[in-house]
Amino acid sequence: EKASLHQDIPLDVIHEDQDVLVVNKTAGLLVHPTLRVKSGTLANAIAWRLNGQRFWFPHRLDQQTSGVIVIAKTATAMRMLTQAWKSARKIYYALLVGHVVQDRLAIEAPIGRRADAKPPWGVREDGKPALSHLEVVELRQQETLVRLQPVTGRTNQLRIH
């Protein structure tokens, strides 16, 4: 990491040892810089905390998603976490505007990317197969709290489904 990418951004550290750093990522925080955003990301904060030590993200969370994220501090930890992540059961909760009328849904819709589309990721006939399970947890006045489980792991899958 370049020294200019190190930024003193507060982190909610849950656990740290010689192999991993586990943090509670706040909603609104990008995980890593993009073409348009070069600073103010979780990666910038970790670069500062680890003072130039190399690190890897075996998984990511969307910018608007809060939750626990694990950072590998060694190549060995990255390999092990990447392998473990493949078999991990991933559960997410989302608050949706409006009411979901079915208690359970299996959402099966292929996801692909078109550079000329806005947004570029979406349901596309030529996309890769994607399956998500949705379960209603609570109906509220104007919203529905749902539990989501991505079966496949496509980019932006839960947001798109």
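**A walk through the fold**

Following the chain from its start, you meet the elements in the order β-β-α-β-α-β-β-β-β-β-β-α. That makes 3 helices and 9 strands in the protein, where helices (H or I, at least four residues) and strands (E, at least two) are DSSP runs numbered from the N terminus. This is a predicted model, in which local features need pLDDT of at least 70, side-chain atom pairs count only at pLDDT 80 or more, and totals for chains, interfaces and linings use all residues. Residues are numbered from 1 along each chain as its sequence is written, and side-chain values use heavy atoms, leaving out hydrogens and water.

Let's step back to the whole protein. Its C-alpha atoms fill a box of roughly 50 × 35 × 30 Å along the principal axes. Of the 161 residues, 32% are buried (under 20% relative accessible area, with a 1.4 Å probe and protein chains only). Take the contacts (heavy atoms within 4.5 Å) between residues at least 6 apart in sequence: 57% of them join residues at least 24 apart.

Now zoom in on helix H1, residues 42-49. Is this helix enclosed or open? It is largely enclosed by the rest of the structure, because 6 of its 8 residues are buried. Those buried residues are Leu42, Ala43, Asn44, Ala45, Ile46 and Ala47. Their cover includes strand S2 (20-25) and strand S3 (67-72). Just after H1, look for Asn51, which takes a positive phi of about 50 degrees.

Methods:
Buried < 20%, exposed > 50% of the residue type's maximum accessible area, 1.4 Å probe, protein only.
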